[in-house]
Amino acid sequence: MSGIQTRGEKVFAVFNYCMMIMICVITIYPLWHIVMASVSDPVLVVRHRGFFPWPLGNLHFKGYRLVIENPNIATGFANTFFYVTIGTTLGMFVTILGAYALSRKGTLWNRPIMLIIVFTMYFQGGSYPSILWCGT
């Protein structure tokens with residue numbers, strides 16, 4: 001394929017670049033705002049409204065120090081790691097066992113169980129209570 005682009009390909013490339021830049025800005029904007037607010041003077045942050053292009057006042061890292069010194073943070077991370085690893089492992093184990101059993105011909109109640117699984121895939125279990133809650 002030659003290096004010559006048609007007019008349509010050039011327009012498409014420009015459109016892609018513009019969209020990617022816009023997506024990057026939309027993604028980075030809230031992260032930048034939070035980081036600048038976290039290192040700014042807390043009194044000035046409360047008074048200021050809008051975007052923080054740079055830290056307000058002197059740099060303050062007291063919030064980070066308080067988070068690092070808080071023993072509950074380490075406990076929370078340990079609990080999260082434990083529940084994620086154990087939950088994922090157990091969930092995968094049960095799913096693999098169920099999938100293997102349902103893949104065998106002649107398994108008792110194979111068709112009803114598969115219909116229940118497929119039904120819950122199409123119609124999520126949480127959608128009916130949310131419909132009742134919203135009143136629609």
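Helices (H or I, at least four residues) and strands (E, at least two) are DSSP runs, numbered from the N terminus. The model is a predicted one: local features need pLDDT of at least 70, side-chain atom pairs count only at pLDDT 80 or more, and totals for chains, interfaces and linings use all residues. Residues are numbered from 1 along each chain as its sequence is written, and side-chain values use heavy atoms, with hydrogens and water left out.

**Exercise 1.** State where the confidence of the model is lowest and where it is highest.

Solution. Confidence is given as pLDDT (the predictor's confidence in each residue, from 0 to 100). The protein has an average of 88, and 89% of the residues reach at least 70. Helix α6 (residues 127–134) has the lowest confidence, with a mean of 60. The highest is found in α1, at 95.

**Exercise 2.** Classify the ring pair Y29 and F51 and place both residues.

Solution. Rings of Phe, Tyr and Trp (its six-membered ring) pair if their centres lie within 6.5 Å; planes under 30 degrees apart count as stacked, over 60 as edge-to-face and the rest as tilted. The structure holds 3 aromatic pairs. For Y29 and F51 the ring centres are 4.9 Å apart and the planes stand at 25°, so this pair is stacked. Y29 belongs to helix α1 (residues 7–38) and F51 to the loop between α2 (42–47) and α3 (62–69), so the pair ties together parts 22 residues apart in sequence. For accessibility, buried means under 20% relative accessible area, exposed over 50%, and partly exposed in between (1.4 Å probe, protein chains only). Y29, at 43%, is partly exposed, and F51, at 34%, is partly exposed.

**Exercise 3.** Classify the ring pair F61 and Y64.

Solution. The centres lie 6.4 Å apart and the planes are at 40°, so the pair F61 and Y64 is tilted. F61 has a relative accessibility of 48% and counts as partly exposed. Y64 has 38% and counts as partly exposed.

**Exercise 4.** Describe W109 and N110 by backbone, burial and contacts.

Solution. W109 sits in the loop between α4 (71–103) and α5 (110–122). Its phi is near 65°, a positive value in a residue other than glycine. Most residues other than glycine have a negative phi. W109 is exposed, at 58% relative accessible area.

N110 lies in helix α5 and is buried, at 18%. Leaving aside neighbours within four places in sequence, N110 is in contact (heavy atoms within 4.5 Å) with L102 and R104. The side chain of N110 reaches the backbone oxygen of L102 at 3.4 Å.

Methods. Polar contact = N/O pair within 3.5 Å; in protein donor to acceptor, adjacent residues only side chain to side chain.
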